[in-house]
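Me: I would like to go through this structure one question at a time, with the reasoning written out in each reply. Could we begin once the sequence and structure are in view?

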Amino acid sequence: GFLFFYGFTRRAPMARIVYVILFSLYFYYKSSGIYFLLLVFASVSDYWIAHAIYKVRTQRAKYWLVGLSVLVNLGMLGYFKYTNFLIEIANNLFGQGFLNFQNIFLPVGISFFVFQSMSYTIDIYRGQLKPLGNWCDYLFYLSFFPQLVAGPIVRARDFIPQIRRNPVVVTREMFGTGVFLILTGLFKKAIISDYISLNFVDRIFDEPLLYSGFECLAGIYGYALQIYCDFSGYSDMAIGIALLLGFRFPKNFDAPYKSATITEFWRRWHISLSSWLRDYLYISLGGNRKGKLRTYGNLIPREQLEAYTELMHHPERIDDFCKSDDDFHELLMSSLPNKYLRSGYDRITGLNTRFRIMTGKVSMINQDQTCEEHLEILNAALSDNWNTAADALQHHLELARDKAEGVIKVIRLW
């Protein structure tokens, strides 16, 4: 029904904009209820802040206005996404009932439209974009339903020029690619991700000691496949639907488990998020322009946010293990005499060693797993002659647990 009426607006940009906005807000209302007003609020707030940034003359005033935009957006995101988490920590530290205000509803996809809205005001602050003259155009950009709840993150400077094209053209290539991506994404999400989650991965993570080492190892690899198919499946469907409507989105996943290095992995995994963090966090903090010490300091929040945002907001990491593997990898690479041998080895280890590292990371973010349960899974999975890797991972997890327990004891004594 939507596509039928959408076809009548091909040559009427304003009618098309209003029609898609109404459908997008209804779509978001069905997923998040009255919280669709947050989307409207964000669009109104940043639309007028962007105009103010463009009009003021002094750099100081621009700085405070873009700071206001970031504060409003991150404040909204922080309240809805992390208040329950912080209340739970406070109750664990000071006793149940210390804080009773909890169970705050999390609107679907709030991170995506918050990041998109911030990119708009920051680009105007940097002089890379001019503010839109019509609020409906901005609401259209922010609420466009294909990517509203699951990404990819679309930049304003890439999407806004497409809004008022007249007429909207869907070529045979766009139609064919769109249908293919929708079917591929649906297969990844419904057939692979949901099926192996319900029938294999969840069972192993719930009771790892009931299964053999090989089965537990297969469960870890299965979870890595599940989370990839889940994320990339949604992105493929969003890109495909946008193509059928005459809009182009950037590619969001590029076979990340084929990566040869961790850096390459983040260039291939959730590309729109990684590039967003690079352009609006890493570069804003100074990038690599202020010395090695500042560069390393700038890399820390970017890499942690990439993993933190993507891997379901759980803090367990195995970066020390990854670093030791990087050192070993570089040592072997330097010992190979021929550049073709080095290239071949680099690609082979990219498909093997790095995949094991990333699946180890991903598997340890499985929801509702305690540190002890992670140890059970890893010990069961790595018991078959993988003692060195098991010892490294177990030591890291035990160290993290001991540090957390020590901090809790100090806080309670205080």
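Me: Leaving aside its neighbours within four places in sequence, which residues is A42 in contact with?

Reply: This is a predicted model, in which local features need pLDDT of at least 70 and side-chain atom pairs count only at pLDDT 80 or more, while totals for chains, interfaces and linings use all residues. Residues are numbered from 1 along each chain as its sequence is written, and side-chain values use heavy atoms, with hydrogens and water left out. A42 lies in helix α3 (residues 36–55), where helices (H or I, at least four residues) and strands (E, at least two) are DSSP runs numbered from the N terminus. Taking contact as heavy atoms within 4.5 Å, and leaving aside neighbours within four places in sequence, the partners of A42 are N73, M76, F113, S117, Y138 and L142.

Me: What is the relative accessible area of A42?

Reply: Residues count as buried under 20% relative accessible area, as exposed over 50% and as partly exposed in between (1.4 Å probe, protein chains only). By that scale A42 is buried, because its relative accessible area is 2%.

Me: Which residues have the most contacts inside the largest nonpolar core?

Reply: A nonpolar core is a set of buried Ala, Val, Leu, Ile, Met, Phe, Trp, Tyr and Cys residues joined through side-chain atoms within 4.5 Å. In soluble globular proteins, nonpolar side chains tend to be buried together. The largest such core here has 61 residues, and those with the most contacts inside it are F113, Y120, F140, F144 and F159.

Me: Which helix gives the most to this core?

Reply: The core in question is the largest one, with 61 residues. The helix that gives the most to it, with nine residues, spans residues 110–125 and is α5.

Me: How many residues are in the other core that lies apart from it?

Reply: This other core lies apart from the largest one, and its members include V201, C229, F253 and W266. Its number of residues is 14.

Me: How far apart are the closest N and O atoms of D236 and K188?

Reply: A salt bridge is a side-chain nitrogen of Lys or Arg within 4 Å of a carboxyl oxygen of Asp or Glu, and a search of the whole structure finds ten of them. The one between D236 and K188 links distant parts of the chain, with D236 in helix α9 (residues 213–244) and K188 in helix α8, 48 residues apart. Both D236 and K188 are buried, and their closest N and O atoms are apart by 2.9 Å.

Me: How many residues apart in sequence are the parts tied together by D230 and K189?

Reply: D230 forms a salt bridge with K189, the closest N and O atoms being 2.4 Å apart. Because D230 lies in helix α9 and K189 in helix α8, the pair ties together parts whose separation in residues is 41.

Me: Which residue meets the side chain of R268 in a salt bridge?

Reply: R268 counts as buried at 17% relative accessibility. Its partner lies four residues away, about one turn of the helix, and both are in helix α10 (residues 262–268). The N to O distance is 2.9 Å, and the partner is E264.

Me: What is the distance between the end C-alpha atoms of α9?

Reply: The expected span of a helix is 1.5 Å times one less than its number of residues. For the 32 residues of α9 this gives 46 Å, which agrees with the distance between its end C-alpha atoms, namely 46 Å.

Me: Which peptide bond is cis, with omega near 0 degrees?

Reply: The proline of this bond, P167, lies in the loop between α7 (156–163) and α8. With omega near 0 degrees, the cis bond is the one from N166 to P167.

Me: What is the phi of H270, which is not a glycine?

Reply: H270 is found in the loop between α10 and α11 (271–282), and it is buried, with a relative accessible area of 4%. Although H270 is not a glycine, its phi is positive, at about 45 degrees.

Me: Which residues make the nonpolar surface patch of about 340 Å²?

Reply: Patches are made of residues with over 30% relative accessible area and no salt bridge, like charges being joined within 9 Å and nonpolar side chains (Val, Leu, Ile, Met, Phe, Trp, Tyr) within 5 Å; accessible areas come from the Shrake-Rupley method with a 1.4 Å probe, and for residues only the protein chains shown count as cover. One member, L183, lies in helix α8 (residues 172–206) and is exposed, with a relative accessible area of 55%. The patch of about 340 Å² is made by V170, F175, V179 and L183.
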